[in-house]
Amino acid sequence: MEDTKNATMGYVYALQAFLTWGILPIFWKLLSNVSAIEILAHRIFWSFVFLIILLLLTRKKNVWNLLRQKKTRKSLIISSLLIGLNWGLFIYAVNAKQIVEASLGYYINPIVNVILGMIILNEKLDKLKYIAVLIASTAVIYLTIDYGKSPWISIVLACSFGLYGLTKKTAGIEAISALAVETLILAPFALGYILYKMWIGNGALFTGSISTSGYLMLTGIVTTLPLYWFAKGAQRIPLSALGFMQYIAPTLMLLIGVLIYNEPFRHEQLIAFGLIWIALALYTTSIIRNTRNKIKSAKP
């Protein structure tokens, strides 16, 4: 009974996280009158503030220990730069009316994870995953030829988040504490930029509308709360289920971009997305099949 309740809560946590990530473009659109770099600065600073409060409430005291270890500190510096790049580019994509291309990046991300695991961690791929990688690569090449330029927003979003996940995996650090250190590393630069903008008189905080200032301070909550939910969910449900649920976010982004903000979704894009969806179906099938095989082999 307890295990069932624990698993149910895991699915609730994970669903909350992916739904929040999926509708975040609507929130960033509320700040479309603020430059992407200033929004990023606020996102980093207020995330740091919120995380410190969260760590105090949950009584986690291992943050400073993470900084004392040279290897861990180096990993966290790298991951902080990667997550800063990812956050900033996503904000830019939303406010530059490129939500559809951003959603493609998060569809590609699982395939990037597979490639990184194969190249860097020497992970073995089964036939389905090899085919999934080839199909996804074909989709990106097709879009590149069709656009006449690379869909760079999609590629950088997918690669930065993939490398971020790889760095966190190899470091083996608890998610919330690690994010607190990452924002701590970036927070002085973010706060410096916020104060500079206020000093020269064109900062958005406390100089524009009350709602804009409120939204800027809320960036910390909308950033860290879904990450907290994701970490709680990941502890309670199978990886295969988590992997399948992660497609909720980019699907919502795609629908929001096309249906709410009227971004173009041309025939060529539909073909590319169709290829990505086929690749993801194969990828998910491979994960489910491998998980079932592990369960069967573990039974006496």
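Helices here (H or I, at least four residues) are DSSP runs numbered from the N terminus, as are strands (E, at least two). The structure is a predicted model, in which local features need pLDDT of at least 70 and side-chain atom pairs count only at pLDDT 80 or more, while totals for chains, interfaces and linings use all residues. Residues are numbered from 1 along each chain as its sequence is written, and side-chain values use heavy atoms, with hydrogens and water left out.

A good place to start is helix α4, which covers residues 70–95. The expected span of a helix is taken as 1.5 Å times one less than its number of residues. For the 26 residues of α4 that gives 38 Å, and the end C-alpha atoms are 38 Å apart, so the two agree. Just past α4 sits K97, with a positive phi of about 60°. Helix α2 (residues 36–58) can be checked in the same way: its 23 residues should span 33 Å, and its end C-alpha atoms lie 32 Å apart, which agrees. After α2 comes R59, and its phi is positive too, near 60°.

Back inside α4, S79 turns out to be buried, at a relative accessible area of 1%. On this scale, buried means under 20% relative accessible area, exposed means over 50%, and partly exposed is in between (1.4 Å probe, protein chains only). What does S79 touch, once residues up to four places away in sequence are set aside? The list is Y164, T167, K168 and E182, where contact means heavy atoms within 4.5 Å. With E182 there is also a polar contact of 2.7 Å between the two side chains. A polar contact is a pair of N or O atoms within 3.5 Å; within protein, one must be able to donate a hydrogen and the other to accept it, and residues adjacent in sequence count only if both atoms are side-chain atoms.

E101, in helix α5 (residues 99–120), is another buried residue, with 8% relative accessibility. Its side chain reaches the backbone nitrogen of W152 at 3.4 Å. Beyond its neighbours within four places in sequence, E101 is in contact with P151, W152, I153 and S154.

The surface has its own story. I23, I26, L255, L259 and I260 make up a nonpolar patch there, with about 460 Å² of accessible area together. Such patches are made of residues with over 30% relative accessible area and no salt bridge, with nonpolar side chains (Val, Leu, Ile, Met, Phe, Trp, Tyr) joined within 5 Å and like charges within 9 Å. Accessible areas come from the Shrake-Rupley method with a 1.4 Å probe, and for residues only the protein chains shown count as cover. Helices α1 (2–29) and α11 (248–260) each supply at least two of the patch residues, and α11 gives the largest share, three residues. One of the patch members, L255, lies in α11 and is partly exposed at 43%.

Helix α1 also holds V12, which is partly exposed at 36%. V12 and G233 are 221 residues apart in sequence, yet their C-alpha atoms are 7.4 Å apart in space.

How many salt bridges does a search of the whole structure find? It finds one, a salt bridge being a side-chain nitrogen of Lys or Arg within 4 Å of a carboxyl oxygen of Asp or Glu. The side chains of R266 and E268 meet in it, at 3.4 Å from N to O. R266 is partly exposed at 34% relative accessibility, and E268 is partly exposed at 25%.
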